[in-house]
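This report walks through a protein model for a reader who has not met it before. The sequence and the structure come first, and the description follows.

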Amino acid sequence: MISEDIQEFGDLINRAQRILLISHIRPDGDAVGSLLGLGLMLEELGKEVNLVLEDGVPLVFHHLTGADKVYQEPAGVYDLIVVVDSSDIDRIGSVLDEHGEPDVNIDHHPTNTQFAKLNLVRESAVATVEIIYDLALALSLPINLPIAEALLTGLLTDSLGFRTSNSTARTLRIAAELMDRGANLQVLYRKAMLEKSLAAVRYWGQGLSRIQSEDGLIWTSLTLKDREIADYSGRDDADLVNILSRIKDTAVCVVFVEQTDGKVKVSWRSRPGYDVAEIATQFGGGGHKPAAGAEIKGDLKRVQEEVIEATRKILT
Ligand code: AMP
Ligand code: MN
Ligand code: MN
C-alpha cells in the first residue's frame, strides 16, 4: 500500500515535464545527494530537470555524477518545484524569488515548517536521501549506479558514517542495497567525509587554538581573518563542530563562523538528552535535537555571548 502523499507525489511528477529541484545554502552531503539522486531519477524518466543550489556544489562532492549540472539560479518556467532537505523556505536562499512557490517539500527535520503544497516530511529518516530512496521503491523510480552513489553519500554524511543516534539497522540495510547497486562505500566515505584540504585543517587549527570549555559546554569561533590566514575558501566551519563533539564529556559544543554579510553562522552539536534544535529555533534557525544551526545577525562577540548564555540554560 502506497501512502496518499507518496501517491500524490507520483501523480505530480507524472504530470510535470519541466521540474526544478532546489536544496539549501551551504549544502551538505544530504542536500547534494538528495538533489542529484532525485534529479537523476527524474531525468531517467525523461523529464527536463533543473538542479539549483544558491551556493553551488562544494568541491568535496564534485566527483558525483551530475554535480557539473547544478546551477546557482533557476532559468525559465517550471511545471513542478521540489525543495529537498530544507526545514524552511529561507534555507534555500533567494533563488525562488521570481520563479514561483514550492510545490513539494521533501525533508527530515523536526523543525520543518511544512512550507509547500505537498509536504513529505519524515522525522524518523536519518537523511532526506532515505525518504527519496523510499519514494523510489514505492513509485518504481530507477536507482542506477550514479543515483546509488548520490543517495549513499547523503546517508553517510548525515549519519556521520552511521555514528549518529538515529542511525538504525534500516539505515545500514539501505546502505547495503545501494552497495549492491555498485556504490563504493569506502571511496564515497573518503571523498565526502575523510579527506580535508590542507587549508581546511589549518582553518581548524585557528579555531582549535582558542577553544573554550565550561561544565560540559565547549565552544570556539572562526573569524574572517582565520579564513584568510588559512586560505580557506568555504563559508562554513570545515566541519570543525564535529571535531569538537569528539571531546570527551562534552554535552554541547558550538562553533561560531563569522560571515561577510554581518551575520554569524552558528552550529550546535549535543549528546543525547540535550535538545539544541530548540535553542537554534530561538535564534531563527533549526535542525535536529543533536545537530542544529542558525544564521544570526550581529557581530561575532555579541552573538557568541547571547548564544552561550542561551545554551548554558539547557545544561543546568
Ligand atoms: P550545520 O550546523 O550547518 O551542520 O547544521 C546542523 C543541522 O541544522 C542540519 O540538519 C541543518 O540542516 C540544520 N540547520 C543549519 N542551519 C540552519 C538554519 N539556518 N535554519 C534551519 N536549520 C538549519
Ligand atoms: Mn542538509
Ligand atoms: Mn539532511
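## The ligand 1 site

In this predicted model, a polar atom in the side chain of Arg269 lies 2.7 Å from an oxygen atom of ligand 1. Taken alone, ligand 1 exposes 470 Å², and the protein buries 85% of that area. The elements that contribute two or more residues to the shell around ligand 1 are strand E10 (263–270), strand E11 (286–288) and strand E12 (291–297), and E12 gives the most, with five residues. Of the 16 residues around ligand 1, those that come nearest are His109, Lys265, Ser267, Arg269 and Gly286. For three of these residues, the table gives the distance between a polar side-chain atom and an oxygen atom of ligand 1.

| Residue | Distance to an oxygen atom of ligand 1 |
|---|---|
| His109 | 2.8 Å |
| Ser267 | 2.6 Å |
| Arg269 | 2.7 Å |

## The manganese ions

Which protein atoms act as donors to the manganese ion that is ligand 2? The donors are His24 (NE2), Asp28 (OD), Asp28 (OD) and Asp85 (OD), so that Asp28 appears twice in the list, and they lie 2.1 to 2.6 Å from the ion. Along the sequence, the donor residues of this manganese ion (ligand 2) follow the spacing H-x3-D-x56-D. The pair Asp28 and Asp85 links distant parts of the chain, 57 residues apart: Asp28 sits in the loop between strand E1 (18–22) and helix H2 (29–44), whereas Asp85 sits in the loop between strand E4 (80–84) and strand E5 (104–107). Asp85 also bridges the manganese ion (ligand 2) and the manganese ion (ligand 3), and these two ions lie 3.7 Å apart.

Are these two aspartates buried, partly exposed or exposed? Asp85 counts as buried because its relative accessible area is 2%, which is under the 20% cut-off. Asp28, in contrast, counts as partly exposed because its relative accessibility is 28%, a value that falls between the 20% and 50% limits.

## A nonpolar patch on the surface

Turning to the surface, Leu208, Ile211 and Ile247 together make a nonpolar patch of about 200 Å². One of these residues, Ile211, lies in the loop between helix H7 (198–208) and strand E7 (212–214). Ile211 counts as partly exposed because its relative accessibility is 33%.

Key
Residues are numbered from 1 along each chain as its sequence is written. Chains are lettered from A and ligands numbered from 1 in the order in which they are written. This is a predicted model: local features need pLDDT of at least 70, side-chain atom pairs count only at pLDDT 80 or more; totals for chains, interfaces and linings use all residues. Side-chain values use heavy atoms; hydrogens and water are left out. Donors are N, O and S atoms within 2.8 Å of the metal (3.2 Å for Na, K and Ca); water is not among the atoms, so sites may look incomplete. Helices (H or I, at least four residues) and strands (E, at least two) are DSSP runs, numbered from the N terminus. Buried means under 20% relative accessible area, exposed over 50%, partly exposed in between (1.4 Å probe, protein chains only). Patches are made of residues with over 30% relative accessible area and no salt bridge: like charges are joined within 9 Å, nonpolar side chains (Val, Leu, Ile, Met, Phe, Trp, Tyr) within 5 Å. Accessible areas come from the Shrake-Rupley method with a 1.4 Å probe; for residues, only the protein chains shown count as cover. A salt bridge is a side-chain nitrogen of Lys or Arg within 4 Å of a carboxyl oxygen of Asp or Glu. A residue is near a molecule or strand if one of its heavy atoms lies within 4 Å of it. A polar contact is a pair of N or O atoms within 3.5 Å; within protein, one must be able to donate a hydrogen and the other to accept it, and residues adjacent in sequence count only if both atoms are side-chain atoms.
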